[in-house]
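Me: I am new to this structure. Please take a close look at the nonpolar patch on the surface, and set it in the context of the chain.

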Amino acid sequence: MKNKKPHKIKRILAFIGALLLFAMYAGTLVSALIDHSASQGLLKASIACTIILPVLLYAYTLVYRITRGSGGREDLDPPEEKDRP
């Protein structure tokens, strides 16, 4: 039986990342509504992070797979029914 902890950890980290993106956009919106002088810079930073962070995370996972020696998707796919006792 395979360990299911990595899947739970990935889900938790993905949820935290989504919360951080939401908080970043909420902060940008609030600063724009109160007419803060840095609101345009915050918007640019939010858009940049929305594009750059997922690309960097994908690159990190790709490098991790290559260095670990796993080239396939078997680590990401859930185990099949025939593998279970």
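Reply:
**The nonpolar patch and its setting**

Buried residues, meaning those under 20% relative accessible area, make up 6% of the 85 residues in this chain. Exposed means over 50%, and partly exposed lies in between (1.4 Å probe, protein chains only). This is a predicted model: local features need pLDDT of at least 70, side-chain atom pairs count only at pLDDT 80 or more, and totals for chains, interfaces and linings use all residues. Residues are numbered from 1 along each chain as its sequence is written, and side-chain values use heavy atoms, with hydrogens and water left out.

The chain has 2 helices and 0 strands. Both terms refer to DSSP runs, numbered from the N terminus: helices are H or I with at least four residues, strands are E with at least two. The chain exposes about 7,500 Å², by the Shrake-Rupley method with a 1.4 Å probe, where for residues only the protein chains shown count as cover. Carbon and sulfur atoms supply 70% of that area.

Now the patch. Its members are Tyr25, Leu43, Ile47, Ile51, Ile52, Leu53, Val55, Leu56, Leu57 and Tyr60. Together they have about 960 Å² of accessible area. A patch takes residues with over 30% relative accessible area and no salt bridge (a side-chain nitrogen of Lys or Arg within 4 Å of a carboxyl oxygen of Asp or Glu). Nonpolar side chains (Val, Leu, Ile, Met, Phe, Trp, Tyr) are joined within 5 Å, like charges within 9 Å.

Helix H2, residues 39-68, gives the most, with 9 residues. Tyr25 is in helix H1. Tyr25 is partly exposed, at 35% relative accessible area.
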